[in-house]
Amino acid sequence: MPLSTRPYAPRFSNSQSFPPGVKWLLIVNTAIFVAHFLSAQAGMSGLFDWAGLVPAHVTHGRIWELFTYMFLHSLGSFWHILINMLMLYMFGADLERTWGTERFLQYYTICGVGAGICVVIGNYLFGNPLSYTIGASGAIYGLLMAFGMLYPDRQILFSFLFPIPAKYFVMILGGIAFLSTFGSSGGGVSHVAHLGGMLFGYAYLKTARKRGNVRILGAVDDWYRNYKINRAKKKFDVYLRRHRDD
């Protein structure tokens, strides 16, 4: 695991230490983990079951699980959420400063949902459609891919000891995730999510480079605005026809 990218990063003021997107992702993930933990201690461990990713549920209409599973983490070990949140801050902060909050959150969501899609497909093809997957790892691995592509020569301390360029660090993790998918179905599902997050992140960044800044959220907003304009035009045409007939 990496120790830090900060000694090699540009210095920022304290006001910039927590960009808003990263800050709220940390807050939301931690708050949900605490709520999940307390509900389990109170004997209501199934209270959050609706949010985990089960491929069979997704194909039967519970599409929201492709998004909500990213905000749940294993209660069996604090390391699951601790490592994910540490990596979110270490690699996400610089990306958000570079891209801005909107594009950063868009990218994070695309990688997380894309990883979930890969889990669904992978389990239907090779695993168990009733498997249960939680965690932000898919989205986090997408951040790693972006970090390696945007800052390829930034030094990262690998395994807390060895400084290596970010591009090689990403290659190593990608190779591990790929090879791990050929293991047992029980242990391979999370690795499918890791690999899926990296693949979706890579595809997004390549598309953005070819077409400029791809703003999917902005595209949806433009579509909705055009839809409202066209709808208003139709209503106005109907109004004019009626008055013309009168």
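Which residue forms a salt bridge with Asp-94, the closest N and O atoms being 3.0 Å apart? I went looking and found Arg-154. Note to self: I'm working from a predicted model here.

**Entry 1: around Asp-94**

I checked where the two partners sit. Arg-154 is in the loop between α6 and β1 (155-158), while Asp-94 is in helix α4, so I have a pair that links distant parts of the chain, 60 residues apart. I then looked up the burial of each. Arg-154 is buried, at 12% relative accessible area, and Asp-94 is buried as well, at 3%.

Asp-94 has another partner on my list. Its side chain meets that of Arg-97 in a salt bridge, at 2.8 Å from N to O. This one stays within helix α4: the two residues are 3 apart, about one turn of the helix. Arg-97 comes out as partly exposed, with 23% relative accessibility. I wrote the three down together, since Asp-94, Arg-97 and Arg-154 are linked in a network of salt bridges.

**Entry 2: the other bridge I followed**

My search of the whole structure gives 4 salt bridges. One of the pairs I looked at is Asp-153 with Lys-167, whose side chains meet at 3.4 Å, N to O. Asp-153 lies in the loop between α6 and β1 and Lys-167 lies in helix α7, so this bridge ties together parts 14 residues apart in sequence. On accessibility, Asp-153 is exposed, with a relative accessible area of 52%. The cut-off for exposed is over 50%. Lys-167 is partly exposed at 27%.

**Entry 3: overall layout**

I stepped back for the whole fold. I count 9 helices and 2 strands in the protein. Along the sequence, the pattern reads α-α-α-α-α-α-β-β-α-α-α. Of the 246 residues, 41% are buried.

**Entry 4: the core and α6**

Next I pulled up the largest nonpolar core, which has 47 residues. Those with the most contacts inside it are Leu-88, Phe-91, Phe-104, Tyr-107, Tyr-108 and Leu-143. I traced the contributors: α1 (20-41), α4 (78-99), α5, α6, α7 (166-180) and α8 each supply at least two residues of this core. The largest share, 9 residues, comes from α6. As background, nonpolar side chains in soluble globular proteins tend to be buried together.

That sent me to α6 itself. Helix α6 covers residues 137-150, 14 residues in total. From its first C-alpha to its last it reaches 20 Å, close to the 20 Å expected at 1.5 Å a residue. The helix is mostly covered, with 13 of its 14 residues buried.

I picked Phe-147 as a probe point. Phe-147 sits in helix α6 and is buried, with a relative accessible area of 1%. I also logged a C-alpha separation: Phe-147 and Ala-166 are 7.2 Å apart, though 19 residues separate them along the chain.

**Entry 5: a nonpolar patch outside**

How much accessible area does the nonpolar patch on the surface have? I get about 610 Å² together for Ile-117, Ile-121, Leu-125, Phe-126, Leu-199 and Phe-200. The elements giving two or more residues to the patch are α5 (101-126) and α8 (185-211). Helix α5 gives the most, with 4 residues.

I took a look at one member on its own. Phe-200 is in helix α8, and it is partly exposed, with a relative accessible area of 30%.

**Entry 6: Ser-131**

Last stop: is Ser-131 buried or exposed? It's buried, with a relative accessible area of 14%; that counts as buried because the cut-off is under 20%. Ser-131 is placed in the loop between α5 and α6. I looked for a partner and found that the side chain of Ser-131 makes a polar contact with the side chain of Asn-123, at 3.1 Å.

Note on methods. Residues are numbered from 1 along each chain as its sequence is written. This is a predicted model: local features need pLDDT of at least 70, side-chain atom pairs count only at pLDDT 80 or more; totals for chains, interfaces and linings use all residues. Side-chain values use heavy atoms; hydrogens and water are left out. The expected span of a helix is 1.5 Å times one less than its number of residues. Buried means under 20% relative accessible area, exposed over 50%, partly exposed in between (1.4 Å probe, protein chains only). Patches are made of residues with over 30% relative accessible area and no salt bridge: like charges are joined within 9 Å, nonpolar side chains (Val, Leu, Ile, Met, Phe, Trp, Tyr) within 5 Å. Accessible areas come from the Shrake-Rupley method with a 1.4 Å probe; for residues, only the protein chains shown count as cover. A polar contact is a pair of N or O atoms within 3.5 Å; within protein, one must be able to donate a hydrogen and the other to accept it, and residues adjacent in sequence count only if both atoms are side-chain atoms. A nonpolar core is a set of buried Ala, Val, Leu, Ile, Met, Phe, Trp, Tyr and Cys residues joined through side-chain atoms within 4.5 Å.
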